[in-house]
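Please read the following explanation with the sequence and the model side by side. It moves from the chain as a whole to one helix and then to a single loop residue.

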Amino acid sequence: GSAFQPHAFAYQRYMELYGAKREDMASLVTSQRAYANKNEKAFFHDTPMTREDYMNARMISDPMCLFDCDIPVEGAAALVLTTAERAKELRNKPAYVAGYGQNTSRQPSLMVYTLLNYMEGGGSISNKIWERSGLGPKDIDVALLYDGFSPSVFYWLESAGFCKQGEAHQFVQDGRIGPGGELPVNTHGGALSEGRLHAMGHLAEGVLQVTGRAD
């Protein structure tokens with residue numbers, strides 16, 4: 001076994017519970033590719049994707065296809081943390097950390113997760129972030145949500161409160177999370193299209209976005 005199978009099982013359960021279809025996921029994956037096409041650092045910067053490309057992609061572990069998986073790359077990102085006082089002297093506008101959350105729990109295996117694990121873990125983390133920061137989903141202009149596999153974005157959207165549980169597959173439709181949308185998601189292309197840096201790409205993009213340096 002590998003990471004694919006348990007992720008596919010959880011996603012299959014999500015689809016069964018809430019009536020989601022693969023066509024729904026096509027909207028998410030192609031919107032992130034559209035962002036990557038604007039990001040010179042992205043692996044798929046020069047490779048557009050259509051809905052047909054997604055729907056016809058090779059199946060890896062049903063219902064997850066090739067484009068539901070992140071793209072391995074070699075790269076690096078660095079974040080410098082300092083005090084708010086010292087940050088005032090920086091050449092570039094600083095990005096302030098308003099809050100954080102972390103959740104750990106024992107699992108029978110590192111690779112075995114259920115849909116319930118994703119939702120409970122995500123909800124616990126998100127609640128801590130909102131409580132500590134004093135912010136909420138409605139205060140967010142850009143969401144950088146981990147996407148080692150595409151269904152993870154659905155779970156984050158729901159567990160963080162951007163939409164109700166079971167509604168993410170509908171929430172991402174009609175350009176809502178794409179360029180010019182109501183809630184831009186993974187504006188660098190995410191791990192699916194910029195490349196897998198284990199969320200360092202997401203953090204770097206977040207800093208660039210809030211400091212006005214993201215092209």
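A residue is called buried here when its relative accessible area is under 20%, and exposed when that area is over 50%. By this criterion, 43% of the 215 residues of the chain count as buried, in what should be kept in mind is a predicted model.

The secondary structure comprises nine helices and two strands, and when the elements are followed from the N terminus they run α-α-α-β-β-α-α-α-α-α-α. The chain has a radius of gyration of 17 Å, close to the 17 Å given by the globule rule for 215 residues, so it is as compact as a globular protein of that length. Along the principal axes, its C-alpha atoms fill a box of roughly 50 × 40 × 30 Å.

Contacts and surface add to this overall picture. Among the contacts in the chain with a separation of 6 or more, 70% are made by residues 24 or more positions apart. The chain exposes about 12,400 Å², of which carbon and sulfur atoms supply 51%. As for charge, the mean position of the 20 positive charges and that of the 25 negative charges are 5 Å apart.

Helix 1 offers a place to look in more detail. This helix covers residues 4-18, and because each residue should contribute 1.5 Å, its 15 residues should span 21 Å, which agrees with the 21 Å between its end C-alpha atoms. Its buried residues are Pro-6, His-7, Ala-8, Ala-10, Tyr-11, Tyr-14 and Met-15. In reading such a list it helps to recall that an α-helix has 3.6 residues a turn, so residues three or four places apart point the same way. The buried residues of helix 1 pack against helix 2 (22-36), strand 1 (59-61) and strand 2 (64-65), and also against helix 5 (115-133), helix 6 (151-159) and helix 7 (168-171). After helix 1 comes Gly-19, whose phi is positive, near 75°.

The loop between helix 2 and helix 3 (51-55) contains Lys-38. Is Lys-38 buried or exposed? Its relative accessible area is 60%, and because exposed means over 50%, Lys-38 is exposed. Leaving aside residues up to four places away in sequence, Lys-38 touches His-45 and Pro-179. Lys-38 can also be set beside His-188, from which it is 150 residues apart in sequence, while the C-alpha atoms of the two residues are 7.9 Å apart in space.

Key:
Residues numbered from 1 in each chain as written. Predicted model: local features only at pLDDT ≥ 70, side-chain atom pairs only at ≥ 80, totals over all residues. Heavy atoms only, no water. Helix = DSSP H or I, 4+ residues; strand = E, 2+ residues; numbered from the N terminus. Expected span 1.5 Å × (residues − 1). Buried < 20%, exposed > 50% of the residue type's maximum accessible area, 1.4 Å probe, protein only. Contact = heavy atoms within 4.5 Å. Rg over C-alpha atoms; globule rule 2.2 N^0.38 Å. Areas by Shrake-Rupley, 256 points an atom, 1.4 Å probe, with all protein chains shown as cover. Lys, Arg positive; Asp, Glu negative; His and termini not counted. Charge placed at Lys NZ, Arg CZ, Asp CG, Glu CD.
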